[in-house]
Amino acid sequence: MHFLSAENISKSFGINPLFSSISFHISQGDKIALIARNGSGKSTLLHMLAGQETADTGTIWVNKEVDVILFEQEPAFDPNKTVAQTIFFYDHPLMNAVRAYEAAAASQDAERLNEAIVKMDELGAWDVDAKVKQILDKLNIHELNQSMGTLSGGQRKRIALAKTLIDIGFEHKHCLLIMDEPTNHLDVSMVEWMEQFLNRENLTLILVTHDRYFLDTVCDEIWELEGSELFVYKGNYENYLEKKAARTESDKASVDKARNLYRRELEWMRKQPKARTTKSKSRQDNFYVVAEKASKQTQDTSLQLSMKMSRLGGKIIELKKIYKSYANKVILKGFDYTFKKGERVGIIGPNGVGKSTFTNILQGLEQADSGKINVGDTIVFGNYSQQGLQLKEDQRVIEFVKNIAENFPLATGGSLSAAQFLQLFLFDPDKQYTYISKLSGGEKRRLHLLAILFRNPNFLILDEPTNDLDLPTLAVLENFLLEFGGCLVIISHDRYFMDRLVDHLLVFEGNGVIRDFPGHYSQYRLEVGEKKKVPVQSEETAAPPSQAATVTATITKEKKPLSYKEKREFEQLEKELPLLSEEKRKISEELASGNCSYEQLTTLSLQIEGLSTKIDAMELRWLELSERH
């Protein structure tokens, strides 16, 4: 089924074209990733597809049977509404029943809860509630009576995501889901669950993401906006890199050829022939076409830079018996560690376990409760934090960088000017004289990163550096960091970024427990997955405590008893599953009878497909609840 078409659409801001005369089509089941530099028009294009912005020229056609749902990078909320009012926004009897039930359960009002349960039974809304509950649980959303105005940016983003995921599975026969950076502010377990969710659902999807593993898992087609054009690549991210490199080489050869032709034609034009025949007029017109092609700038995002960083001495940083707590929350408990020259450490762990606090203590921005920290005399910190820089909005980009330094020294001798360094990080000459207030959010993050590196540190601390950065910038950053000779500490949920750059991990497990894992992030996740598969031994076959205690302690958890709502859900599943199985059996017999017309066969096939999907989901939920029953 054809979902959407765009024909020759263009969009400009002022004199700067974002894209020009691009055309594309989206069909049912397509899963597309959109790639471009920050400020190239990715978010603008998504808003146009959602009907929130209009094209300067061209047309966008959306099938009237298709509902378009947009998940925005910066979602807007009414700060006075509760989480429940925000999530359960859909005005429909089923959703209204779920909303009332969830609110009653949160209020612990027995009479109100009984009324809500009766309504849920009448409408058969328990399936919807189970799906809603799974989404809220996986995204760690529990306090539904909180006001939206009291939440952090990360919490609001997760609530917006829950609202979107609930919406796409509710009363939409055909849905085009548009997502702008959906993985920001999610930890890895949430991202991995969302990968499964988006793959399991029969979705048509176009998204912008910097998470390359997420992109590879979810999408099978990549669109790239570059130089006002749209390029389409089938396959995964690695295939995209290969095909893009081949296209770049071809473009470069074509531009070089055009420049040679341009020089010859320019010579002819300067002679100014007196007689203008039809043939010479045609050649004259063709000259401007050649001139335009010759002036085309070819992009190279795989540049490398060898920096002449400040010298590292023999002593880097030593931490001895460091303790840090906030009230009853333990961050560090007698932590010892000595950083070595050139070390590359990744820091991982759930949100709220103290990763950023640890890096602040390293730099002396926060004080430990006790213990000793010895920092080498030659250490120059570079700290890229989530808070960003305090920027003067009325200052131009080039002025901001020149206020830090005029030149950047290179290890090979010589230096780069501020303008050359900006260009390396994808700020072209026109953009360098733009006011900071005119930059996109991603471009401001890129400028923040550039400012940190331009100060020439030898101990880099990067706290979630990939958030809001585009993939071309990430490629430049990764190549830069691979050549970086100093110490590197990275806090990130970006699995691809961590795998490329770190040698080992400090795993913050909570309550002051920190484990040193000798490997990169994917190896760690593999180990965690293998541990989960280890069966718990029975009392009869268990090894002596000295051998088995460690294993059983890490893989067994105290089972949380079912809540009243979950007991009701479990009972309802036990009633409904046999009925649905019987209905499926009858339809199967009717299909096998050989007495059905073509139209009946089509209808019955669709019914049995829908029943199978519903039964599978309900059986999965029944198993999950039965383990705790």
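In the predicted model described here, K131, Q134, I135 and K138 of helix α5 meet M190, W193, F197 and R200 of helix α7. The axes of α5, which covers residues 126-138, and α7 come within 10 Å and cross at roughly 150 degrees. Because angles over 145 degrees count as roughly antiparallel, this crossing makes α5 roughly antiparallel to α7.

Helix α7 is also in contact with helix α6, and here the arrangement of the axes is of another kind. The axes of α6 (residues 153-168) and α7 (residues 188-200) come within 13 Å and cross at roughly 15 degrees, which makes α6 roughly parallel to α7. The crossing of these two helices is left-handed. On the α6 side the contact involves R158, L161, L165 and I168, and on the α7 side the residues that they meet are M190, W193, M194, F197 and L198. Among the α7 residues, M190, W193 and F197 appear in the contact with α6 and also in the contact with α5.

Helix α6 itself consists of 16 residues and reaches 23 Å from its first C-alpha to its last, which is close to the 22 Å expected at 1.5 Å a residue. The helix is mostly covered, with 12 of its 16 residues buried. The buried residues are G154, K157, R158, I159, A160, L161, A162, T164, L165, I166, D167 and I168, a set that includes the charged residues K157, R158 and D167. These buried residues pack against several elements, namely β5 (66-71), α2 (83-87), α3 (93-107), α5, β6 (174-180) and α7.

The loop that follows α7 and leads to β7 (204-208) contains L203, which counts as buried at 4% relative accessibility. Not counting residues up to four places away in sequence, L203 touches G29, D30, K31, I168, L177 and L198. Two of these partners belong to the pair of helices already described, since I168 in α6 and L198 in α7 are both listed where those helices meet. The C-alpha atoms of L203 and C175 are separated by 7.0 Å, although the two residues are 28 residues apart along the chain.

Helix α4 provides an example of a helix with a buried side and an exposed side. At 1.5 Å a residue, the 14 residues of α4 (residues 110-123) should span 20 Å, and the end C-alpha atoms are 20 Å apart, which agrees with that expectation. The buried residues of α4 are L113, A116, I117 and M120. They cover an arc of only 105 degrees around the axis, which puts them on the same side of α4. An α-helix has 3.6 residues a turn, so residues three or four places apart point the same way. The face turned away from the buried side of α4 carries the exposed residues E111, E115 and E122. Just after the helix, G124 takes a positive phi of about 65 degrees.

Positive phi values are also found at residues other than glycine. Most residues other than glycine have a negative phi. K321, which is found in strand β10 (residues 317-326), has a positive phi of about 50 degrees although it is not a glycine. E464 likewise has a positive phi of about 50 degrees without being a glycine, and is found in the loop between β17 (459-463) and α16 (471-482). At 6% relative accessibility, E464 counts as buried.

A further buried loop residue is S228, which lies between β8 (221-226) and β9 (229-234). Its relative accessible area is 19%, and S228 therefore counts as buried, the cut-off being under 20%. Not counting residues up to four places away in sequence, S228 touches P17, L18, F19, S20 and I22. The C-alpha atoms of S228 and S10, which are 218 residues apart along the chain, are separated by 8.7 Å.

For the chain as a whole, the model contains 21 helices and 20 strands. Of the 629 residues of the chain, 45% count as buried. Among the contacts in the chain with a separation of 6 or more, residues 24 or more positions apart account for 69%.

Methods:
Residues numbered from 1 in each chain as written. Predicted model: local features only at pLDDT ≥ 70, side-chain atom pairs only at ≥ 80, totals over all residues. Heavy atoms only, no water. Helix = DSSP H or I, 4+ residues; strand = E, 2+ residues; numbered from the N terminus. Expected span 1.5 Å × (residues − 1). Buried < 20%, exposed > 50% of the residue type's maximum accessible area, 1.4 Å probe, protein only. Arc of directions from axis to C-beta. Axes fitted to C-alpha atoms, helices over the stretch in contact; angles between N-to-C directions. Parallel < 35°, antiparallel > 145°, perpendicular 65-115°, else oblique. Left-handed = near helix turned anticlockwise from the far one by under 90°. Contact = heavy atoms within 4.5 Å.
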